[in-house]
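Biologist: Could you take me through one part of this model in detail? I'd like a close look at a metal site, and then a word on what surrounds it.

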There are 2 protein chains.
Amino acid sequence: MLSYTEENYLKAIYHLSGAGERPVLTNELAETMQTKPASVTDMVKKLSAKNLIAYEKYYGVNLLKQGKLQALQIIRKHRLWETFLVNKLGFTWDEVHEVAEQLEHIQSGLLIEKLDKFLEYPTVDPHGHPIPDPSGKIKEVKQIPLADFPAYKKCTIRAVKNGSPSFLQYLSKIGIYIEASVSIVDKVEFDGSLEVSIDNKKRVFISREAAQNLMVTG
Amino acid sequence: MLSYTEENYLKAIYHLSGAGERPVLTNELAETMQTKPASVTDMVKKLSAKNLIAYEKYYGVNLLKQGKLQALQIIRKHRLWETFLVNKLGFTWDEVHEVAEQLEHIQSGLLIEKLDKFLEYPTVDPHGHPIPDPSGKIKEVKQIPLADFPAYKKCTIRAVKNGSPSFLQYLSKIGIYIEASVSIVDKVEFDGSLEVSIDNKKRVFISREAAQNLMVTG
DNA sequence: ATTATTTTTTAGGTTAATCTAAACTTTTAT
DNA sequence: ATAAAAGTTTAGATTAACCTAAAAAATAAT
Ligand SMILES: [Mn+2]
Ligand SMILES: [Mn+2]
Ligand SMILES: [Mn+2]
Ligand SMILES: [Mn+2]
């Protein structure tokens with residue numbers, strides 16, 4: 001049984017490592033965990049002793065099979081709870097993350113099973129992020145940033161990359177949402193900003209940075 | 001902001017004190033908290049320093065206004081979550097307590113507000129226990145143990161007193177549930193056991209002890 | 001190839017929540 | 001009223017998760 005803190009470390013390592021692909025360094029982990037490098041060293045030793053990660057002094061940590069599985073279970077819970085909060089309780093997509101950070105640590109297999117069923121087995125959360133299945137498998141869909149999509153061609157908004165509340169609120173305000181059908185109608189060479197048509201009904205200007213955080217499929 | 005442990009202590013003090021009526025002694029608190037008296041002494045000093053309880057050395061603790069309010073907020077959350085688990089997720093009434101013990105500590109006013117609305121403002125939980133309103137007020141309804149109810153008169157099962165999973169499972173098995181209409185059709189002088197008619201359809205024998213744990217209204 | 005800078009680890013402490021063992025109060029029994 | 005028993009508190013440790021400051025290793029700059 002993992003502690004609340006251990007679970008959060010595993011989750012952070014998963015995200016920072018790109019789903020377990022690259023090693024994660026002490027300082028970046030300290031940064032995301034909002035703690036000091038010395039504390040991180042303590043914790044990675046502990047997780048390493050539990051065979052959840054491989055720790056090599058001065059060279060960072062890598063997720064091991066068990067650690068990755070645990071991380072995925074927590075992410076699964078997080079995203080199911082976010083889906084619940086939006087779909088059933090009427091939260092907006094910018095309000096759910098903080099609460100889900102707490103709910104993801106509730107220990108009950110039965111609860112998650114029943115929650116999943118109640119939500120009718122969703123595959124993505126309110127931010128378009130995939131929900132791992134009970135065994136930790138993720139259905140990957142190839143998405144590219146709107147910033148890299150060709151102009152004048154229709155595409156569908158599938159997910160946000162950076163899901164900060166302020167970005168999400170901004171998107172809602174200008175009328176961009178998951179599943180919206182959009183196309184780039186103008187591109188400013190100078191700064192990469194775009195004019196985007198939404199559902200053939202509305203046109204908005206967004207910065208390159210915003211367009212890099214919107215993931216689409218053709 | 002209270003810690004997880006502080007919240008659990010306040011809740012235990014609330015229940016052991018009969019909603020704040022009597023003082024609670026160190027040993028009984030140690031018993032329910034599954035800890036040692038020495039640890040309890042430490043914690044009650046802390047809660048006392050926060051003005052949540054009044055602690056008198058060797059004579060136990062009494063809930064203060066703020067402590068009682070906090071306890072009631074936690075109980076409110078516990079019971080709303082139990083209601084959610086049964087009414088929305090399809091848990092049985094014997095499965096919910098443990099999970100609610102965890103969920104009651106989630107910190108989000110908005111969440112509880114929206115959960116309450118989603119459940120359509122329930123007044124009692126799956127065990128018939130009243131759900132305090134947002135300000136901590138409880139709508140008390142006078143109930144008496146079935147064991148003390150006169151024979152041959154109809155009454156309604158309103159709540160269980162001891163809600164242990166095994167008792168709840170037993171009640172389900174013999175067909176007793178909250179809101180069932182029952183009457184005592186026979187009383188054995190020797191051991192106080194009863195024959196009970198349920199909904200005029202079924203008759204079951206229950207012990208005095210069981211009858212003392214079933215709360216009814218006439 | 002040294003030296004300087006950055007990154008990471010180690011050493012030694014702190015706080016919350018626990019524990020055991022010993023000391024102290026209160027209650028009960030003689 | 002005194003002694004025994006029961007209940008409670010204090011003293012001193014332990015563990016998890018953190019910290020600061022100093023030491024060590026890796027990386028970058030001259
Ligand atoms: Mn989130
Ligand atoms: Mn999300
Ligand atoms: Mn309960
Ligand atoms: Mn209950």
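Modeller: Here is a walk through one manganese site, followed by the chain contact and the overall build of chain A.

Keep in mind that this is a predicted model. Let's start with the manganese ion labelled ligand 4. Its protein donors are Glu82(B) through OE, Asp125(B) through OD and His127(B) through ND1, at 2.2 to 2.3 Å from the ion. Read along the sequence, those donors follow the spacing E-x42-D-x1-H. So where does each end of that pattern sit? Glu82(B) is in helix α4 (residues 65–87) of chain B, while His127(B) is in the loop between α6 (109–118) and β3 (144–145) of chain B, so the pair ties together parts that are 45 residues apart in sequence.

Glu82(B) has a second job here: it coordinates the manganese ion labelled ligand 3 as well as ligand 4, and the two ions are 3.6 Å apart. Are these side chains buried or exposed? Glu82(B) comes out with a relative accessible area of 1%, which is under the 20% cut-off, so it counts as buried. His127(B) is buried too, at 5%.

Now for the contact between the chains. Chain A and chain B each put 20 residues into it. Together they bury about 1,600 Å², and carbon and sulfur atoms give 77% of that area. On the polar side, there are four residue pairs in polar contact, counting pairs with both residues at pLDDT 80 or more, and zero salt bridges between the two chains. Which elements of chain A supply the touching side? Those giving two or more residues are α4 (65–87), α5 (96–103) and α6 (109–118) of chain A. The largest share, five residues, comes from α6(A). Sorted by class, that side of chain A has 12 nonpolar, five polar and three charged residues.

Stepping back to chain A as a whole, you get eight helices and eight strands. The C-alpha trace spans about 55 × 45 × 25 Å along its principal axes. Of the 218 residues in chain A, 46% are buried. As for how the chain folds back on itself, take the contacts in chain A between residues at least 6 apart in sequence: 61% of them join residues at least 24 apart.

Terms used: Residues numbered from 1 in each chain as written. Chains lettered and ligands numbered in written order. Predicted model: local features only at pLDDT ≥ 70, side-chain atom pairs only at ≥ 80, totals over all residues. Heavy atoms only, no water. Contact = heavy atoms within 4.5 Å. Buried area = accessible area lost by both parts, 1.4 Å probe. Salt bridge = Lys/Arg side-chain N within 4 Å of Asp/Glu carboxyl O. Polar contact = N/O pair within 3.5 Å; in protein donor to acceptor, adjacent residues only side chain to side chain. Helix = DSSP H or I, 4+ residues; strand = E, 2+ residues; numbered from the N terminus. Nonpolar A, V, L, I, M, F, W, Y, C, P; charged D, E, K, R; others polar. Donors = N, O, S within 2.8 Å, 3.2 Å for Na, K, Ca; no water. Buried < 20%, exposed > 50% of the residue type's maximum accessible area, 1.4 Å probe, protein only.
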